[in-house]
Amino acid sequence: MRNLNGIRLSHHKKSKDLATVELPLPKTVTIPMLQHMGAGCKPLVEAGDVVKVGQLIGDSDEVFSVPVHSSVAGTVTAIQDYVASSGKTEKRVVIEVAEIQETIDAKPHPVSDQKSLVEAARLSGLSGLGGAGFPTHVKLNYKDIDKVDTLVINGAECEPYITSDYREMLEAPDDIIGGVKEVMRCLKIANAYIGIEDNKPDAIKLLREKIDVDNIHVVSLKSVYPQGAEKVMIYHSTGRVIEEGEIPADKGVIVLNISTVSHLYRFIKTGMPLTHKRLTVDGNFVDKPINVRVPIGTSIDYVLDFAGVDNNKADKILMGGPMMGIAIYDVETPVIKNNNAILVLQEKDRKYKASRTVSTLSPSVTEGTDNPEDAAKGPASTVVGKELVPPTTACIRCGKCVYVCPVDLMPAALEKAYDKKNVDSLKNLKVNLCINCGCCSYICPAHRNLAQKNQLAKEMLRKMKK
């Protein structure tokens, strides 16, 4: 079995040996009613209501939606409108934090079959904690579940800097293994594979020691980005290929992030829904990186202040990793369920073309590649305000974007087809197979917006189907 293409990144995981610390409670939290893919929730509280930690404060009748719970005890001071990253106007609940933190009377939620497992996943408020935010209960509610024989747990954490999942493996290995067993038992799954990059030998060793059954396997994977992408993880763990138009379950596989399965197990055992999230705070502008447990709804500004970071001097703040993270324009933005890192970057010593690859289509904040010999030298970059914006030049037909693409696409040809709005070419070139990893934009010496054009092309095709 050949290894899929990708790029090698210098990881800078300075926080890997730092145990998770607890964030002191902020004065207020602002909890969005949309923290996942799908429909937002309707607030179930009003200004003046008193809430407890773990209390349900938002829900929806939509299947593709996840309930929202209060991360603190306190008093609701406002219900606000805000513009979500999707561009839609949603609601969020502002809570003034009380001095005494009261928690809901949570009770264990035992599971025995698919129906009860799906119910537990929804009640827990879980959506994919690796960053995608896909509702967990929807993924587990696959109708042809009898065809699913394999569970894949994604512990790759292939983005530079981030170590939040790594700390989950070291600090809660029993919860991970317990969650894997519960999912396998309820869905009658024969085998499970926990995929972890080989730059985390301590986690691999620990989880292997914790496993006491023959049908759960820890797979050591090469440290190559985007190892954590769903299709890449499935192929390297099981050898199965997810074709265009398929979802993993069509090939007998369900994929869960390692922190997702751990949180699911804790809910089953305690009945306490998701209220906090572990974040890695790091970046080349952070002197003392940390892993910190944060109440959902806490502002980024408050977290950075706790970490001793003066964000006013930073060039870029990202939620997530430098390859696929979202650039933050307002430090009052609250932490949500699928956030796993806050990265603070400054122009000096940059090595990554971070937000060049993200869904916001924002300009690049970095230049160069991790392996300078692998990239042709382009013209000097220019600085616009605090943004380092490499100039885009004509394609030099070097083929590097094709060489690194993990799903064997032709990004330069796709860009040309999108610019010409050639729908037939986009379909023939399989643009919908693109996993938005950003490898093509990262490696391109001409600084072409290849990854962004792929996402715009997919959106154009989706609109044409409506």
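In which sense do strand 13 and strand 17 pair, and over how many bridges? The legends below take up this point first.

**View 1. The pairing of strand 13 with strand 17.** Strand 13 (residues 276-282) and strand 17 (residues 341-345) run in the parallel sense and share 3 bridges. Strands pair if DSSP finds at least two bridges between them; helices (H or I, at least four residues) and strands (E, at least two) are DSSP runs, numbered from the N terminus. Thr-280 lies opposite Ala-341 of strand 17. This is a predicted model, in which local features need pLDDT of at least 70, side-chain atom pairs count only at pLDDT 80 or more, and totals for chains, interfaces and linings use all residues. Residues are numbered from 1 along each chain as its sequence is written, and side-chain values use heavy atoms, without hydrogens and water.

**View 2. The open sheet and its edges.** The sheet holds 6 strands in the order 1-14-13-17-15-16, with mixed pairing. Its edge strands, strand 1 (21-22) and strand 16 (326-327), each pair on one side only.

**View 3. Helix 3 on the sheet.** Helix 3 (residues 164-171) packs on the sheet and touches strand 13 and strand 14 (290-295); contact means heavy atoms within 4.5 Å. The direction of helix 3 makes about 120° with that of strand 13, where axes are lines fitted to C-alpha atoms, for helices over the stretch in contact, and angles run from 0 to 180 degrees between N-to-C directions.

**View 4. The setting within the chain.** The chain has 13 helices and 19 strands. Its C-alpha trace spans about 65 × 50 × 50 Å along the principal axes.
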